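This report describes one chain of a two-chain assembly and the way its helices pack. The sequence and coordinates come first.

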Amino acid sequence: MENIQDYIESGILEQYALGELSVAEQAAVEAQAASHSEIREELQQVQETLGFYAEAHVVTPPAGMRERVLTNVLAQIAAPTPSSALRADVDAVAQANHRPAPTETVVRSIGSATAPAPAARSVWAMAASVALILSLAGNALFYSRWQNASTELVAMQNDQARFAQTSQVVERQLGDLRQENEVLRNDEFKAVALAGTKTAPSARARVLFNAVTHKVYVDVRSLPALPAGKQYQLWALDKGKPVDAGVLTAATAIGEGIQHMKDIASAQTFAMTIEPAGGSVNPTLSTMTVVGNI
Amino acid sequence: MMPIRSHHLFSVTPVSDTSLISLPPAAEADLVRRLQARDESAMTMFYDRYSAALYGVIFRIVKAEEEAEDVLQEALVKIWNAFATYDPSKGRLFTWVLNICRNLSIDRIRSRQHRVGSRTQGLDDSLTAQRQAAPTAFRPEHIGLQEITQKLIPEQRRIIDLLYFEGFTQSEVAEELNIPLGTVKTRARTAIKVLSKLIR
């Protein structure tokens with residue numbers, strides 16, 4: 001493989017994960033993944049990410065679907081070889097019901113030798129039958145309770161996983177806020193107020209610039225809504241020359257939180273323009289929305 | 001200057017496993033063993049664990065409750081019958097079953113389109129009609145989805161949805177959105193990168 005990074009960047013792993021490739025192409029990707037750990041890891045990551053995307057769209061199925069689907073599925077898959085646990089139980093019950101007959105013949109054959117009272121024998125047989133019936137009924141009851149319990153357990157495990165996920169997300173959001181707080185309280189950061197230009201007089205944003213570490217954060221107060229396919233891009237002006245400081249995520253642009261931008265070595269002015277999604281190499285000056293000097 | 005585009009620093013905090021459907025590896029291995037051993041009762045457990053996620057994906061693609069249920073049932077039987085072909089070394093169980101469900105669902109809508117439209121033009125029309133009816137029809141109150149909506153820009157989300165839920169190929173997306181194929185590839189990759197930061 002001439003260049004693993006090029007292979008990864010080509011987008012073929014995404015196509016593989018999305019099921020776009022022919023069987024031969026799939027086999028080729030699998031061969032690459034088998035011999036290059038970077039490709040294998042990247043592919044795994046893409047697949048897990050798409051799985052996560054799917055999971056996020058979880059839908060509560062309509063009422064009664066579980067019973068309908070499971071019954072049909074179990075009936076279809078059980079057809080050729082009857083071996084399900086339930087079936088085995090039914091068989092056991094059927095066998096158990098037939099058992100008294102042979103037992104009786106055995107008893108009779110012994111009985112013919114020792115000749116015990118027939119009345120006593122039938123009392124014992126009745127008692128045994130009653131015991132057996134009670135035992136079977138008990139088993140059936142326990143079996144159904146056990147099934148219910150295991151279903152409830154799975155449901156509870158699902159709930160637990162969901163809570164765990166929610167608390168992880170909350171924890172992460174808390175971590176984000178902590179970090180934001182650290183930046184905001186750090187004296188090394190200088191707040192640069194960016195005011196709206198003629199095109200958007202009410203727009204407001206701040207840049208937090210650390211001249212020592214060159215770190216740049218952006219904090220949006222209010223920006224006009226973006227047209228489709230556009231993104232806000234931050235620029236640092238160093239001696240009049242614009243330097244790309246990165247594009248704002250959708251969340252940042254609506255003021256959800258502060259965003260870490262690209263490091264800037266030196267700047268006197270910061271400004272934001274509206275650029276095609278992904279950002280531009282040079283700013284489109286006519287779309288400058290906010291600007292401010294340090 | 002840093003080499004690549006800006007990134008959201010605050011999303012990088014590592015999270016062990018936000019996955020709510022995927023079982024812990026040991027439990028998954030156990031379920032796989034039971035299914036390989038043709039233990040039918042394992043299908044009930046499989047159903048309880050995965051059906052909501054699988055149904056969600058199928059429903060997103062076929063966009064009709066009854067048909068989604070039908071596809072889910074077909075998929076479960078297929079998963080059972082084809083289980084010998086599942087190779088755990090190639091990926092997680094959830095990935096494999098998800099692909100089966102997606103493929104069946106996409107086959108379903110493609111065959112429906114063949115019935116509806118005569119040639120490509122008609123086919124495109126029916127696709128557009130379906131797509132407009134669908135996306136915001138329901139909103140599962142799930143924190144993961146809120147995060148996705150916040151982190152992806154609308155264009156990225158649209159591309160992922162077309163690729164994932166509409167069964168479009170990357171070339172079809174390029175044609176549909178009237179943008180170069182290269183842009184589709186870049187945006188899809190970027191979107192997946194953004195999403196992957198949410199889970200690790």
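The text below covers chain B, its contact with chain A, the nonpolar cores and two of the helices.

**Overall make-up of chain B**

The model is predicted. Chain B contains nine helices and zero strands, and its elements from the N terminus on read α-α-α-α-α-α-α-α-α. Of its 200 residues, 36% count as buried. Among contacts in chain B with a separation of 6 or more, 63% join residues 24 or more positions apart.

**Contact with chain A**

On the side of chain B, 70 residues are in contact with 68 residues of chain A. Two or more residues each come from helix H2 (41–62), helix H3 (65–81), helix H4 (93–116), helix H6 (143–151), helix H7 (154–165) and helix H9 (181–199) of chain B. H2(B) gives the most, with 15 residues. By class, this side of chain B divides into 35 nonpolar, 21 polar and 14 charged residues.

**Nonpolar cores**

The largest nonpolar core has 64 residues, and Leu54(B), Ile58(B), Leu72(B), Val97(B) and Leu163(B) touch the most other members. Both chains take part: helix H2 (12–17), helix H4 (37–56) and helix H5 (65–78) of chain A each supply at least two residues, as do H2, H3, H4, H7 and H9 of chain B. The largest share of this core, 14 residues, is from H2(B). Another core, of 30 residues, lies apart from it and includes Leu208(A), Ala236(A), Val247(A) and Ala267(A).

What does Leu72(B) contact, once its neighbours within four places in sequence are left aside? The partners are Val69(A) from the other chain, and Ser51(B), Leu54(B), Tyr55(B) and Ile58(B).

**Helices H3(B) and H7(B)**

The table sets the expected span of each helix, at 1.5 Å a residue, beside the distance between its end C-alpha atoms.

| Helix | Residues | Expected span | End C-alpha distance |
|---|---|---|---|
| H3(B) | 17 residues | 24 Å | 24 Å |
| H7(B) | twelve residues | 16 Å | 15 Å |

The two values agree for H3(B), and they also agree for H7(B).

In H3(B), the buried residues are Ala68(B), Glu69(B), Val71(B), Leu72(B), Glu74(B), Ala75(B), Leu76(B) and Ile79(B). Leu72(B) is thus listed here as buried and also appears among the core members that touch the most others.

H7(B) is mostly covered, with nine of its twelve residues buried. These are Glu155(B), Gln156(B), Ile159(B), Ile160(B), Asp161(B), Leu162(B), Leu163(B), Tyr164(B) and Phe165(B). The cover over them includes H4 of chain A, along with H2, helix H8 (170–177) and H9 of chain B. After H7(B) comes Gly167(B), which has a positive phi, near 70°.

**Packing of H7(B) against H9(B)**

Two packed helices are described by the angle between their axes and the distance between the axes. The axes of H7(B) and H9(B) come within 9 Å and cross at roughly 100°. Because angles of 65 to 115 degrees count as roughly perpendicular, H7(B) is roughly perpendicular to H9(B). From H7(B), the contact uses Glu155(B), Gln156(B), Ile159(B), Ile160(B) and Leu163(B). From H9(B), Val184(B), Arg187(B), Ala188(B), Thr190(B), Ala191(B) and Val194(B) take part. Together they comprise seven nonpolar, two polar and two charged residues.

Notes
Residues are numbered from 1 along each chain as its sequence is written. Chains are lettered from A and ligands numbered from 1 in the order in which they are written. This is a predicted model: local features need pLDDT of at least 70, side-chain atom pairs count only at pLDDT 80 or more; totals for chains, interfaces and linings use all residues. Two residues are in contact if their C-beta atoms, placed from the backbone, lie within 7 Å. Helices (H or I, at least four residues) and strands (E, at least two) are DSSP runs, numbered from the N terminus. Ala, Val, Leu, Ile, Met, Phe, Trp, Tyr, Cys and Pro count as nonpolar, Asp, Glu, Lys and Arg as charged, and the others, Gly among them, as polar. Axes are lines fitted to C-alpha atoms, for helices over the stretch in contact, and angles run from 0 to 180 degrees between N-to-C directions. Angles under 35 degrees count as roughly parallel, over 145 as roughly antiparallel, 65 to 115 as roughly perpendicular and the rest as oblique. The expected span of a helix is 1.5 Å times one less than its number of residues. A residue is buried if 20 or more other C-beta atoms lie within 10 Å of its own, exposed if 12 or fewer, and partly exposed in between; C-beta atoms are placed from the backbone. A nonpolar core is a set of buried Ala, Val, Leu, Ile, Met, Phe, Trp, Tyr and Cys residues joined through C-beta atoms within 7 Å.
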